[in-house]
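Please read the model below from its confidence values inward, and then from its fold to single residues.

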Amino acid sequence: MNKVILMGRLTANPELKHTQSNLPVVNFTLAVNRPYVKQGQERQADFIDIVCWRSTAEFVARYFTKGQQVAVCGSLQVRNWQDQQGNKRRSYEVCRFQAGQWDLRPLCRRTGACRGSRRSVVACLQLSRRRF
């Protein structure tokens with residue numbers, strides 16, 4: 001099973017882009033605090049790249065903002081490539097497959113997205129205290 005669940009803050013506003021075949025895509029970075037702090041040191045964070053496609057990408061681009069705390073449900077993907085100097089490179093990213101507002105009431109009032117079975121999918125992702 002390849003399932004990743006993370007909670008953290010967006011490091012920048014997500015920007016919606018489209019592929020050559022006109023598929024919506026959003027890339028952003030999530031700052032995830034480590035669960036422990038060594039005595040005398042500040043809390044450290046890991047910065048994890050996230051990729052969203054299609055309607056999830058459109059949702060994220062519309063409702064997520066820099067600094068917002070979100071939870072991410074997805075799968076880990078590994079990409080290999082060569083840089084301009086010919087060095088082999090590898091990156092890890094989470095490909096999201098669920099998105100949603102943690103506190104559903106503001107989003108439901110604004111979008112009506114909580115009708116029917118979509119509610120469980122919408123409830124997965126965004127942990128925000130922000131009121132729309």
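Over which residues does pLDDT stay under 50, and how many contacts beyond four places in sequence does the model have for them? The stretch is residues 113–132, and the model has 62 such contacts for it. This is a predicted model, and its mean pLDDT over the chain is 77, with 72% of the residues scoring at least 70. A further stretch, residues 100–108, has pLDDT below 50 and makes 35 contacts beyond near neighbours in sequence. By element, the mean confidence is lowest in helix 3 (residues 118–122), at 35, and highest in strand 2, at 95. Where pLDDT is low, the predicted coordinates should not be read in detail.

With that caution stated, the fold can be described. The chain contains three helices and six strands, and their order along the sequence is β-β-β-β-α-β-β-α-α. Of the contacts between residues at least 6 apart in sequence, 57% join residues at least 24 apart. The chain has 132 residues, of which 37% are buried. Its exposed area is about 9000 Å², with carbon and sulfur atoms supplying 45% of that area.

The interior comes next. In soluble globular proteins, nonpolar side chains tend to be buried together. In this model the largest nonpolar core has 17 residues, and those with the most contacts inside it are Leu-6, Phe-28, Leu-30, Ile-50, Cys-52, Phe-64 and Val-72. The elements that contribute two or more residues to this core are strand 1, strand 3 (24–33), strand 4 (45–53), helix 1 (54–63) and strand 5 (69–82). Leu-30 shows what one of these core residues touches: beyond four places in sequence, its contacts include Leu-6, Ile-50 and Val-72. Leu-30 also touches Gly-8, Arg-9, Leu-10, Asp-46, Phe-47, Ile-48 and Val-70.

Is a particular loop residue, Pro-14, buried or exposed? Pro-14 lies in the loop between strand 1 (4–10) and strand 2 (15–18). Its relative accessibility is 10%, and because buried means under 20%, Pro-14 counts as buried. Outside its neighbours within four places in sequence, Pro-14 contacts Val-26, Phe-28, Val-60, Ala-61, Phe-64 and Thr-65. Two of these partners, Phe-28 and Phe-64, are listed among the core residues with the most contacts. The C-alpha atom of Pro-14 is 9.9 Å from that of Glu-58, a residue 44 places away along the chain.

Another loop residue, Asn-22, sits between strand 2 and strand 3. Asn-22 counts as exposed because its relative accessibility is 55%. The backbone of Asn-22 has a phi near 70°, a positive value in a residue other than glycine. Arg-54 is also not a glycine and has a positive phi, of about 55°. Arg-54 is found in helix 1.

The last feature is on the surface. Which residues make a nonpolar surface patch of about 270 Å²? The patch is made by Leu-76, Val-78 and Tyr-92. Leu-76 belongs to strand 5, one of the elements that give two or more residues to the core. With a relative accessibility of 37%, Leu-76 itself counts as partly exposed.

Key:
Residues are numbered from 1 along each chain as its sequence is written. This is a predicted model: local features need pLDDT of at least 70, side-chain atom pairs count only at pLDDT 80 or more; totals for chains, interfaces and linings use all residues. Side-chain values use heavy atoms; hydrogens and water are left out. Helices (H or I, at least four residues) and strands (E, at least two) are DSSP runs, numbered from the N terminus. Buried means under 20% relative accessible area, exposed over 50%, partly exposed in between (1.4 Å probe, protein chains only). Contact means heavy atoms within 4.5 Å. A nonpolar core is a set of buried Ala, Val, Leu, Ile, Met, Phe, Trp, Tyr and Cys residues joined through side-chain atoms within 4.5 Å. pLDDT is the predictor's confidence in each residue, from 0 to 100. Accessible areas come from the Shrake-Rupley method with a 1.4 Å probe; for residues, only the protein chains shown count as cover. Patches are made of residues with over 30% relative accessible area and no salt bridge: like charges are joined within 9 Å, nonpolar side chains (Val, Leu, Ile, Met, Phe, Trp, Tyr) within 5 Å. A salt bridge is a side-chain nitrogen of Lys or Arg within 4 Å of a carboxyl oxygen of Asp or Glu.
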